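Q: Could you take a close look at one part of this for me, and then tell me how it sits in the rest? Plain bench talk is fine.

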Amino acid sequence: MADLVAHGSGHDAAHDPAATHSHSPDLKHQFDNMTQQFEAGNLGMWVFLATEVLFFGGLFASYTVYRSLYLPGFEIGSHLLDVRFGATNTAVLICSSLTMALAIRAAQTGQRKAQVILLVLTMLLGAAFLGIKFTFEWRNDYLEHLVPGVDFLYRPEWGGNGPHVQLFFIFYFIMTSIHALHMIIGIGLLSVLTWMAARGRFSPDYYTPLEVSGLYWHFVDIVWIFLFPLLYLIGGRYGIGGGH
Amino acid sequence: MSSHVVPLKVYVGVFLALLFFTGLTTWVAFIDLGPLNTVVALAIATVKMLLVILFFMHVRSSSGLTRVVVAAGFFWLALLIAFTLSDELTRQWSPIPSSWGPGTSQSQTQ
């Protein structure tokens with residue numbers, strides 16, 4: 001951190017040709033040292049993630065507003081989701097976050113093979129999440145006529161709440177599909193990292209791509225950590241008879 | 001370069017805590033606590049988020065500058081939600097004309 005701020009305060013080490021010989025080949029010329037380079041990359045990723053927080057935040061804020069306006073419809077909608085899929089997928093994502101964190105740790109301790117295995121595991125867990133979501137959850141929703149714009153049928157027992165149940169499902173599909181899109185991008189990133197790791201591109205001195213992609217992966221996990229209770233749990237699990 | 005290698009035990013401990021809280025939040029959701037259900041669910045989600053941010057995302061050992069950026073992201077999110085809700089929840093809603101919808105919406109009866 002100090003290196004980042006102290007830049008330009010008259011140190012000549014970075015510009016001294018003799019000093020550059022001791023530099024890692026991974027050090028880009030605009031940075032003084034590996035720590036500064038790592039900090040800069042890390043900081044840049046967090047700035048991007050802050051924009052992602054607000055990107056998802058807009059959806060969360062509008063969900064909160066409409067939920068407060070049309071609570072009965074949203075509770076019926078929540079009750080129609082299968083909490084078993086939601087909880088299983090939460091656990092799957094948490095496992096993938098662990099393997100991601102351990103993959104970075106393997107880079108820090110210089111274990112190349114472990115990096116590759118853990119990255120592949122992370123991708124498989126991500127794919128398992130998407131598999132559960134697409135082939136079980138969304139398929140069931142479709143069969144139950146709960147996909148707005150495609151096939152959505154109001155049920156008599158909803159009374160006048162029909163449009164609000166549909167609004168809940170619009171939120172559900174937009175939020176989960178944007179989350180799923182992030183997962184797909186994450187798996188794409190990890191496939192490149194796996195290839196790099198297999199070629200021995202990362203070392204205890206240089207693993208910035210792994211670290212920042214890990215930040216992205218964990219962020220996507222955090223989004224799900226909030227989507228799970230908001231969509232599947234609150235208000236939808238008791239009180240309204242029947243269901244799952 | 002100063003890389004902070006977190007002990008394996010810490011990662012596994014955080015992982016187990018996250019699984020525990022997932023089970024807890026699912027279990028609590030089936031108990032009717034009234035408005036507290038939402039509070040409990042969001043509180044548990046926030047604890048899980050903090051565990052992920054501090055340990056998996058290494059904010060516990062990151063620089064002050066990074067921490068400020070992280071905090072700023074969530075501060076802006078808080079502004080977004082607080083200002084939106086302060087409008088929506090305090091506004092005197094006009095009744096919706098019956099010709100706009102199926103005529104049985106919540107707002108009309110208020």
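A: Let's start with chain B: among its contacts between residues with a separation of 6 or more, 36% join residues 24 or more positions apart. Bear in mind that this is a predicted model. Chain B is built from four helices and zero strands, and from the N terminus its elements read α-α-α-α. Of the 110 residues in chain B, 24% are buried.

The part I'd zoom in on is helix 3 of chain B, which runs over residues 64-88. A quick sanity check on its length: it has 25 residues, and at 1.5 Å a residue these should span 36 Å. The C-alpha atoms at its ends are 36 Å apart, so the expected and modelled spans agree.

Which residues of helix 3 of chain B are buried? Thr66(B), Val70(B) and Gly73(B) are. Now look at how those numbers are spaced. In general, an α-helix has 3.6 residues a turn, so residues three or four places apart point the same way. Keep that in mind as you rotate the view to Thr66(B), Val70(B) and Gly73(B), the buried trio of this helix.

And what covers them? The cover over the buried residues of helix 3 of chain B includes helix 2 (36-56) of chain B and helix 3 of chain A. That list takes in an element from the partner chain as well as one from chain B itself.

While you're there, step back to the loop between helix 2 and helix 3 of chain B, where you'll find His58(B). Its phi is near 60 degrees, a positive value in a residue that isn't glycine. His58(B) is buried, because 20 other C-beta atoms lie within 10 Å and 20 or more is what it takes to count as buried.

Leu16(B), over in helix 1 (residues 8-29) of chain B, is another story. It has 12 C-beta neighbours inside 10 Å, so it counts as exposed; the cut-off for that is 12 or fewer. From Leu16(B) to Leu54(B) you go 38 residues along the sequence, and the two C-alpha atoms are 15 Å apart in space.

Now follow the cover across to the partner. In all, 51 residues of chain A are in contact with 48 residues of chain B. On the chain A side, the elements giving two or more residues are helix 3 (34-69), helix 5 and helix 8 (208-233) of chain A. Helix 3 of chain A gives the largest share, 18 residues, and that's the helix we just met covering buried residues of helix 3 of chain B. Sorted by class, the side of chain A that touches chain B has 32 nonpolar, 14 polar and five charged residues.

So what does chain A itself look like? Chain A has eight helices and two strands, in the order α-α-α-α-α-α-β-β-α-α along the sequence. Buried residues account for 42% of its 244 residues. Among its contacts with a separation of 6 or more, 79% come from residues 24 or more positions apart.

For one of those long-range meetings, try Phe168(A) in helix 7 (residues 162-198) of chain A. Phe168(A) and Gly77(A) are 91 residues apart in sequence, and their C-alpha atoms are 5.9 Å apart in space. Leaving out residues up to four places away in sequence, Phe168(A) touches Gly73(A), Phe74(A), Gly77(A) and Ser78(A). With 28 C-beta neighbours inside 10 Å, Phe168(A) counts as buried.

Helix 5 of chain A, already on the list of elements touching chain B, also has a helix partner in its own chain. The axes of helix 5 (residues 83-108) and helix 6 (residues 112-143) of chain A come within 8 Å and cross at roughly 165 degrees. Anything over 145 degrees counts as roughly antiparallel, which is therefore how helix 5 and helix 6 of chain A run relative to each other. Their crossing is left-handed, and the contact has 18 nonpolar, seven polar and two charged residues.

Last stop: the loop between helix 6 and strand 1 (146-147) of chain A holds His145(A). Like the histidine in chain B, His58(B), His145(A) has a positive phi near 60 degrees. His145(A) counts as exposed because it has 12 C-beta neighbours inside 10 Å, whereas His58(B) is buried.

Definitions and conventions
Residues numbered from 1 in each chain as written. Chains lettered and ligands numbered in written order. Predicted model: local features only at pLDDT ≥ 70, side-chain atom pairs only at ≥ 80, totals over all residues. Axes fitted to C-alpha atoms, helices over the stretch in contact; angles between N-to-C directions. Parallel < 35°, antiparallel > 145°, perpendicular 65-115°, else oblique. Left-handed = near helix turned anticlockwise from the far one by under 90°. Nonpolar A, V, L, I, M, F, W, Y, C, P; charged D, E, K, R; others polar. Contact = placed C-beta atoms within 7 Å. Expected span 1.5 Å × (residues − 1).
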